[in-house]
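Colleague: I have a model open on my screen and would like to learn how to read it. Could you walk me through some of its features?

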Amino acid sequence: MRSIQPGGHLEREHFRMWSSLNEWLWQDRLWLPPNSSWAELEDRDGLVYAHPQDLLAALPLALALVAVRFIFERLVGLPLSRWLGVRDQARRLVKPNATLEKHFLMEGWRPKEPQMAVLAAQCGLTLRQTQRWFRRRRNQERPCLTKKFCEASWRFVFYLCSFFGGLSILYHESWLWRPVMCWENYPKQPLKPALYCWYLLELSFYISLLIRLPFDIKRKDFKEQVAHHLVTIILITFSYSANLLRIGSLVLLLHDSADYVLEACKMFNYAHQQQVCNSLFIVFSLVFFYTRLVLFPTQILYTTYYESIANSGPFFGYYFFNSLLLLLQLLHVFWSYLILRMIHSFIKKGQMEKDIRSDVEELDSSEGEAAREHPQLKNGTAPTDGPRSRAAVWLANGHMSAM
C-alpha cells in the first residue's frame, strides 16, 4: 500500500508529479507566440528579461503596504480628516438584548414585520421599540466618516504617486504614444528596472487591497470589487510572465489617471466641501468616460485583438489575456452606469449626496419613522429625495479601483 512505501520513494514520486505539472504549465505554446520559446528570453549579453519568479517579491511587499497603510491612516489620514472638519455622526447605542442580538447576527439585519412582531413579544417590547433597536444596531455597524476618509486618503496618495511615477517612466517610450509599438520585436523586449519596480508596486498594492477587503468598508458592489481585484492581479501577473509589460503598463497608467481624482473627490465630500467635490466630480467623470469607454476599447482592446497578431498567429495567451481585458471592460460599463446615475442626481439636485452602493445612516427619531412610513406627497406624487432616493449617489462611500 502507498502508506507503507518508503518516504524517499514517495518524495521522488511527488517530485516527478510536480515536475510534470510545471513543464505542462510553462509550455512555450501557452504563454508565447508561435515560433517563440523561453530560451530566447534568458538573460544574456547584458540584456535582462522578465521572469515569472521575479513577482514573488510582491507578496512580502504587499504585507509591507498593509503595514504602511495602517500607519498612514493613523498618522496622516486621521489628523487630516480632523483638520478638514470631518465629523462622525453621533449614534445612540442599543440596550443589550440577547434575543435581538442573536437574531441580528444569525438571521439578518432587517427582519420582516411578522418576525419583528414575534421578537417584540419574546422580549416584552412594543413593535416600535423593536424596530428602533434594529435601526440603531444597524447604524452601529455602518462605518463612520472618519474611516471612509482615511481609506480614501490612502488610495489617493497611492494612485497619485503611481500615476505620475508611471507617466515619468513611460513619457519617453514610443509605445505610450503609439500602442502598436507594444508589439515591436515581441516577445524579445528587454526589461527596464524602473518599469519592473512600478509593475511590482502596482501588483503589491492590489494584493494588499485584496487582503484588506474583509476589513474595509463593504459596499453593494463588493462582489464586483473582489472580481476586479482578482482580474487585475491575474492580468498583471500574466502580462509580466509573458513579457507583455508594454501593453500592461498602458493599462495601468490609463486606469490610474482617473482613480486619484475620484479619491480626492470623496475626501472633500466627507469634509462637506461641496463646491470642491462637485468640481472634482465633473473632472473625474470626463476623465473616466474618456479613458475607460473611449481610449481603452479603441486603443488597448484594438491593439491587443488585432495588431498583436499581425506578424504571428494567435495562441492560448492571446485568448486568455484578451478575455481578461474584455471582462475588465464589462466592469467599466458597470461602473459607468453608476456614474451616469450620479450625473442624473447631480443635474437634478445640483450636488453630490450619498452612495447608491452603500447603506445610508438611518434616522433615529420617531419623526424619522413617520416620515418613512408616510412620505409626504407633492402634487400627488411621491417624493424622489430622501434617504432611499434611487438618484442618491454612490460617491460618498465609493471605492472604484484602478484596473
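Modeller: Happily, and keep in mind that this is a predicted model. Let's begin with a charged side chain, Asp-256, which is buried yet has no salt bridge.

Colleague: Which side chain of opposite charge is nearest to Asp-256, and how far away is it?

Modeller: That is Arg-292, 6.9 Å away. A salt bridge here needs a nitrogen of Lys or Arg within 4 Å of a carboxyl oxygen of Asp or Glu.

Colleague: What does the side chain of Asp-256 make a polar contact with?

Modeller: With the side chain of Ser-162, at 2.7 Å. To find the spot on your screen, look for Asp-256 in helix α11.

Colleague: Now for charges that do pair. What is the general idea, and how many salt bridges does the structure hold?

Modeller: Side chains of opposite charge can pair when their charged atoms come close. This structure holds 9 salt bridges. One of them is formed by Arg-69 and Glu-151, with the closest N and O atoms 4.0 Å apart. This pair links distant parts of the chain, since Arg-69 sits in helix α3 and Glu-151 in helix α7, 82 residues apart. Both residues are buried.

Colleague: Which other residue meets Glu-151 in a salt bridge?

Modeller: Lys-147 does, at 3.5 Å from N to O. Here both partners lie in helix α7, 4 residues apart, or about one turn of the helix.

Colleague: Are Lys-147 and Glu-151 buried or exposed?

Modeller: Lys-147 counts as partly exposed because its relative accessibility is 30%. Glu-151 has a relative accessibility of 1%, so it counts as buried.

Colleague: Where should I look for another pair that links distant parts of the chain?

Modeller: Try Glu-173 and Lys-192, which form a salt bridge with their closest N and O atoms 2.6 Å apart. Glu-173 is in the loop between α7 and α8, while Lys-192 is in the loop between α8 and α9, 19 residues apart. Glu-173 is buried because its relative accessible area is 14%. Lys-192, at 42% relative accessibility, counts as partly exposed.

Colleague: Which residues are joined into one network by salt bridges that share partners?

Modeller: The network takes in Arg-69, Glu-73, Lys-147, Glu-151, Arg-155, Glu-263 and Lys-266. You have already met Arg-69, Lys-147 and Glu-151 among them.

Colleague: Let's move on to the backbone. Which residues other than glycine have a positive phi?

Modeller: Two to look at are Asp-45, with phi near 55 degrees, and Asn-243, with phi of about 60 degrees. Asp-45 is found in the loop between α2 (28-31) and α3 (58-83). Asn-243 is in the loop between α10 (222-241) and α11 (245-270).

Colleague: Are Asp-45 and Asn-243 buried or exposed?

Modeller: Asp-45 counts as exposed because its relative accessibility is 75%. Asn-243 has a relative accessibility of 3%, so it counts as buried.

Colleague: And where is there a cis peptide bond?

Modeller: It joins Tyr-186 and Pro-187, with omega about 5 degrees. You will find Pro-187 in the loop between α8 (174-177) and α9 (193-212).

Colleague: How many cavities of 30 Å³ or more does a search of the whole structure find?

Modeller: The search finds 3. The largest has a volume of about 100 Å³. It is lined by 13 residues, and those closest to its centre are Trp-183, Leu-244, Ser-308, Phe-315 and Tyr-318. Helix α13 (residues 316-349) gives the most to this lining, with 4 residues.

Colleague: Last topic: which residues does the UniProt annotation "transmembrane region" cover?

Modeller: According to the unreviewed UniProt entry, it covers residues 55-72, 156-173, 193-215, 276-296 and 316-340. You can then ask what the model shows for such a span. Residues 276-296 are 100% helix, and their end C-alpha atoms lie 28 Å apart. Residues 316-340 are also 100% helix, with end C-alpha atoms 36 Å apart.

Colleague: Which residue within 276-296 could I look at, and is it buried or exposed?

Modeller: Take Asn-278, found in helix α12 (residues 274-305). Asn-278 is buried because its relative accessible area is 7%. From C-alpha to C-alpha, Asn-278 and Phe-268 are 9.2 Å apart in space, and they are 10 residues apart in sequence.

Note on methods: Residues numbered from 1 in each chain as written. Predicted model: local features only at pLDDT ≥ 70, side-chain atom pairs only at ≥ 80, totals over all residues. Heavy atoms only, no water. UniProt positions renumbered as here; feature names shortened; annotations may be inferred. Helix = DSSP H or I, 4+ residues; strand = E, 2+ residues; numbered from the N terminus. Buried < 20%, exposed > 50% of the residue type's maximum accessible area, 1.4 Å probe, protein only. Lys, Arg positive; Asp, Glu negative; His and termini not counted. Polar contact = N/O pair within 3.5 Å; in protein donor to acceptor, adjacent residues only side chain to side chain. 1 Å grid on protein atoms, 1.4 Å probe; cavity = no way out; pocket = protein on both sides within 12 Å on 5 of 7 lines; lining within 4 Å. Points joined across faces, edges and corners; volume = space filled by probe spheres on them.
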